[in-house]
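Q: Please take a close look at the interior of the model shown here. I am new to it, so I would welcome a careful account that starts inside and then turns to the surface and the loops.

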Amino acid sequence: SPQSTWGYLQKTMEKAKGEDILKKEQELLREAFSSSDPLKYISLGVMPLDGSKPKVYSDKMSTPPFSYLRGSVREFKKDAPPPTYFEASEVSPIQRMEKKEILKGFDRPANGGLECVDPEVYEKQKGVLMNLLKQVANCIFVKGGEISVTLPVAVFEARSGFDKVLDAWRFAPIFLPKAAKEDDPVRRMKWVIAFAMSGIHCLPMQLKPFNPLLGETFEGGLDDGTTIYCEHTSLSPPTTNYMCKGPSGLYSMWGTHKYKIGFSANATKGRLSGYNNIEFPDGQIISFKYPYAKMSGLIMGKRMCYFTGKMIFVDKENGLKAVIIFDYGKTGGFFNSRKKGCKMDEIEGLLYRCDMFAEKQKEVKKIGDLKDVESVICKISGSWLTHLKFEEEEYWNIDAHKPCKITFAPKVLPSDWRFREDLIWLRRNQPEYADAWKIDLEEQQTKDLEARKKLKASQPSNN
């Protein structure tokens with residue numbers, strides 16, 4: 001709340017250098033938090049307090065007002081000063097509307113998937129591996145063996161991970177209102193599958209978004225009036241909870257994303273684990289899971305982006321289920337061989353009435369492996385890069401459907417992503433400042449996590 005935030009800030013003011021600057025900020029904070037407008041504090045930090053440069057908040061205070069590091073031991077750093085917060089013109093979403101913009105820097109080779117071909121990205125990422133090796137060596141020989149590394153901002157895009165996930169939901173205004181107006185549960189399921197599949201091609205990326213900090217939030221939506229709220233609620237494992245409300249109460253979507261990432265010698269693989277639940281006014285709920293995203297060729301070979309595993313859609317009340325297999329033509333082996341004529345981005349799937357009491361299957365590599373099928377409704381085919389069909393009926397086509405625009409709420413909580421200093425400095429083309437702030441923020445998060453673990457361990461068990 002504004003009141004508790006004001007109390008917290010009062011306690012941390014004593015760390016500021018310069019009595020006049022301290023008083024000036026205290027007056028601004030007191031005025032904002034005592035205002036009849038509960039969100040007047042949003043204007044704080046947009047203008048320099050005493051900074052000698054237009055985008056520097058202060059030449060004496062170590063952090064701007066809503067910093068995750070307020071109250072920490074961080075000292076003022078000339079080589080990483082506190083930034084002013086974004087003005088309204090600086091927080092417009094990154095909108096990629098046309099297929100050419102969405103897939104910029106990628107080519108679709110003959111065997112499918114997406115090949116990274118952007119020379120600017122390759123140039124930015126030069127030396128990143130050597131940078132990580134140096135950090136590991138420093139941890140071993142200087143810090144006594146505790147390994148803790150941080151990715152440099154050279155591999156980052158100046159946007160939050162929340163913002164990136166929203167890319168996959170930008171087709172909601174096209175497909176979910178159609179689903180809401182359907183009385184037939186099967187056709188409604190098809191429109192939900194079309195919504196989920198249509199956004200997959202928006203997820204591949206060559207530059208990484210910033211992982212949310214603990215407690216970081218997002219408030220925004222889509223240009224049809226859809227509202228979206230997200231909060232990062234755990235660091236171990238990294239977890240985000242979200243709520244999405246369609247216009248006029250047509251639908252609501254909510255869920256928990258746990259970020260799972262793994263590395264091999266030449267590739268990385270990850271997914272947003274957890275079910276996404278869509279509820280309609282009549283009570284029908286359809287839940288689905290995303291597949292794994294994979295990038296190979298990190299060190300040698302062509303750098304490829306593609307999806308593996310499966311998507312599962314479930315409507316328990318009506319006994320409906322759909323399973324879609326990604327890269328279904330893969331036959332395995334050292335060279336990742338695949339069936340002749342099958343492209344890496346092609347899918348195969350099945351929509352069917354299922355036995356809800358059947359034993360759960362961990363491994364389903366092909367549709368023929370499914371053991372909970374009571375009766376087949378239809379086959380699913382297509383590609384996450386081009387189209388989606390139920391038998392011969394096409395529901396989504398990349399050339400026919402354009403994504404809607406993301407919107408950011410004008411007034412947000414102090415925990416909003418737009419107040420984090422590393423992202424601010426990167427968007428302002430100051431990567432050195434951004435790197436320094438990113439390291440400070442991550443180190444503080446690690447310290448806080450360890451402190452919470454120690455506190456929990458010291459408390460008596462409820463058992």
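A: Helices (H or I, at least four residues) and strands (E, at least two) are runs assigned by DSSP and numbered from the N terminus. This is a predicted model, in which local features need pLDDT of at least 70 and side-chain atom pairs count only at pLDDT 80 or more, while totals for chains, interfaces and linings use all residues. Residues are numbered from 1 along each chain as its sequence is written, and side-chain values use heavy atoms, with hydrogens and water left out.

By the DSSP rule, the protein chain has ten helices and 21 strands. Of its 463 residues, 49% are buried, where buried means under 20% relative accessible area, exposed means over 50%, and partly exposed lies in between (1.4 Å probe, protein chains only). If we take the contacts between residues at least 6 apart in sequence, 59% of them join residues at least 24 apart, a contact meaning heavy atoms within 4.5 Å.

The interior is best entered through its largest nonpolar core, which has 94 residues, and in which W169, I193, F195, M311 and F313 touch the most other members. Helix α8 (residues 185–198) gives the largest share of this core, namely nine residues. Apart from this core lies another one of ten residues, including V323, I325, C342 and V364. A nonpolar core here is a set of buried Ala, Val, Leu, Ile, Met, Phe, Trp, Tyr and Cys residues joined through side-chain atoms within 4.5 Å. Returning to F195, and not counting residues up to four places away in sequence, we find that F195 touches A168, W169, F171, A172, F175, L176, M253, I278 and F288.

Several of those partners lead to another helix. A172, F175 and L176 are among the buried residues of α7, together with P173, I174, P177, A179 and A180. Because eight of the nine residues of α7 (residues 172–180) are buried, this helix is largely enclosed by the rest of the structure. What encloses α7 can be named, since its buried residues pack against α8, β5 (217–222), β10 (276–279) and β20 (393–397).

Polar residues are also found among the buried ones, as helix α10 (residues 431–458) shows with Q444 and with Q445. Q444 has a relative accessible area of 15% and is therefore buried, and Q445, at 9% relative accessibility, counts as buried too. Leaving aside neighbours within four places in sequence, Q444 is in contact with Y68, L69 and S72, whereas Q445 is in contact with Y68, L213, L214 and L235. Y68 thus appears in the list for Q444 and again in the list for Q445.

Cysteines deserve a separate word. C202 is buried, with a relative accessible area of 5%, and C404 counts as buried at 14%. A search of the whole structure finds zero disulfides, a disulfide being a pair of cysteine sulfur atoms within 2.5 Å.

The loops give a contrast with this interior. E391 lies in the loop between β19 (387–390) and β20, the latter being one of the strands against which α7 packs. With a relative accessible area of 41%, E391 is partly exposed, and although E391 is not a glycine, its phi is positive, at about 55°. Most residues other than glycine have a negative phi. N429, in the loop between α9 (421–427) and α10, likewise is not a glycine and has a positive phi of about 60°; its relative accessible area of 65% makes N429 exposed.

A further loop, between α2 (19–33) and α3 (99–102), holds E75, which is partly exposed at 47%. E75 is 13 residues from S62 in sequence, while the C-alpha atoms of the two are 5.4 Å apart in space.

As for the surface, the protein chain exposes about 23200 Å², of which carbon and sulfur atoms supply 54%, with areas taken from the Shrake-Rupley method with a 1.4 Å probe and, for residues, only the protein chains shown counting as cover. M300, in the loop between β12 (292–296) and β13 (304–315), counts as exposed at 62% relative accessibility.
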